[in-house]
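Colleague: I'm new to reading models, and I'd love a close look at one part of this one. Could you walk me through it slowly, explaining the terms as you go?

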Amino acid sequence: MANIKKYIKGLGVCLILLLTGPITFAQTESLGMMESLDPSKIMTILVLIVMLLVLLVAFYLLIILRFMVREDAIRRAKEKGVEYVEEPSAWSKFYAGLTDAVPIEHEATVELDHNYDGIRELDNHLPPWWKYMFYASIVFAVVYMFMYHINGSLPLQVQEYEIAMAEAQANKPNVEEGSSIDESNIVFSDDPVVLASGKTVYDRNCVACHKAAGEGGIGPNLTDDYWLHGGGIQDIYNTIKNGVPDKGMIAWGDVLSPSKMNDVSSYIHTLKGTNPDNAKAPQGDVYKEEVLAEEGASE
Ligand code: HEC
């Protein structure tokens, strides 16, 4: 019973730690060591420490309990007059299961009659941990082979690389292209190449709201003299680039390169006065190029 006293002493130490731990912790805080931590973090740390100590105590109780059970078993064995044999622990059972090795005492039973200059051979089983890993690797290889090389449902490294590059390319804001162009220096261009490119951009991105000929739909008519945000080439560029998010006009600056916005601005400029069918009623103010051109861009 001398042993159990040792355990109970240990338990006492644990309890003292449990009670004083948070207090010492709180004191270190007042020493200014924890100034950088906010109170919620300190709380979390305290709770964690308490949890740890509680776990420790629980573990200790378990050891004491096991000890007492063992002690009891020894006493009963003595009463019956038989020798006490200890049960193998769960761990040693598990370990034996993993290795499946014949204990050294019984090695003679698995000895083969080969003898090479005194080196003898044992006929142990393959260790199960190794065997099952081997089987698992075969299964893995089959699945891998199928997914990557036969079915092709998962990308190989090179494909992964290509996919990543394509994604990066697609997400890249096209700033390099004509990045020197902005609303302050854009000028109207009647270059057919520019206008053709502008029409392509328009047809791809703008038709849904402004309609094929710019007659207007969800978005305003772009062919009349009335403009909500100014009809000068710089105003148009500005509207396209920054959009009118509240009103449903997208900020194309995130999507189109400056040179594309340049082209589509010029293209829209050429639509002025084309009088398409089904034109939407005018919105905004009359924009007079001559007057405002002198004043510069205006809203
Ligand atoms: C999702 C619909 C939508 C798309 C797509 C769209 N717009 Fe617009 N656009 C609008 C709306 C709505 C307005 C009006 C904003 C307001 O009321 O202030 C507008 C306004 C404009 C104006 C200003 C008109 C004015 O009267 O001042 C221009 C220029 C313009 N859009 C160009 C474009 C271009 C170029 C594209 C394609 C790159 C485009 N829009 C794509 C909805 C759209």
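In which helix is the place of threonine 270? And what can you tell me about its surroundings?

Modeller: Happy to! First, some ground rules: this is a predicted model, where local features need pLDDT of at least 70 and side-chain atom pairs count only at pLDDT 80 or more, while totals for chains, interfaces and linings use all residues. Residues are numbered from 1 along each chain as its sequence is written, and side-chain values use heavy atoms, with hydrogens and water left out.

Threonine 270 sits in helix α9 (helices are DSSP runs of H or I with at least four residues, strands are runs of E with at least two, and both are numbered from the N terminus). Helix α9 covers 258-271. Threonine 270 is partly exposed because its relative accessible area is 32% (under 20% is buried, over 50% is exposed and partly exposed lies in between, using a 1.4 Å probe and protein chains only).

Now look at what this threonine touches. Its side chain reaches the backbone oxygen of tyrosine 267 at 2.5 Å. That is a polar contact (a pair of N or O atoms within 3.5 Å; within protein, one must be able to donate a hydrogen and the other to accept it, and residues adjacent in sequence count only if both atoms are side-chain atoms). Once neighbours within four places in sequence are left aside, threonine 270 is in contact with Phe188 and Leu195 (contact means heavy atoms within 4.5 Å). Another pairing to find on screen is threonine 270 with aspartate 190: they are 80 residues apart in sequence, yet their C-alpha atoms are 8.3 Å apart in space.

Next, see how α9 meets its partner α8. The buried residues of α8 pack against α9 and also against β3. Those buried residues are Ile233, Asp235, Ile236, Tyr237, Thr239 and Ile240. It helps to know that an α-helix has 3.6 residues a turn, so residues three or four places apart point the same way. Just after α8 comes glycine 243, with a positive phi of about 65°.

The stretch between α8 and α9 also holds one end of the iron site. The protein donors of the iron atom of the ligand are His210, through NE2, and Met249, through SD, at 2.0 to 2.1 Å from the iron (donors are N, O and S atoms within 2.8 Å of the metal, or 3.2 Å for Na, K and Ca; water is not among the atoms, so sites may look incomplete). These two donors bring together distant parts of the chain: methionine 249 belongs to the loop between α8 (233-242) and α9, histidine 210 belongs to helix α7, and 39 residues separate them. Histidine 210 counts as buried because its relative accessibility is 9%.

Two backbone angles deserve a glance here. Most residues other than glycine have a negative phi. Lysine 211, however, has a positive phi of about 70° although it is not a glycine. This lysine is in the loop between α7 and β3, and it counts as partly exposed because its relative accessibility is 35%. On the other side of our helix, in the loop between α9 and β4 (285-286), you will find asparagine 275. Its phi is also positive, near 45°. Asparagine 275 is exposed because its relative accessible area is 66%.

One more residue ties this region together: threonine 223, in the loop between α7 (207-210) and β3 (226-227). Threonine 223 counts as buried because its relative accessibility is 4%. Setting aside neighbours within four places in sequence, its contacts include Leu271, Lys272, Gly273, Thr274 and Pro276, along with Ala213, Gly214 and Glu215. Its side chain also makes a polar contact of 2.6 Å with the side chain of asparagine 221.

Finally, step back to the whole chain. It has 10 helices and 4 strands, following the pattern α-α-α-β-β-α-α-α-α-β-α-α-β-α along the sequence. Of its 299 residues, 21% count as buried. Among contacts between residues at least 6 apart in sequence, 65% join residues at least 24 apart. The contact between threonine 270 and Phe188 is a good one to start with when you explore.
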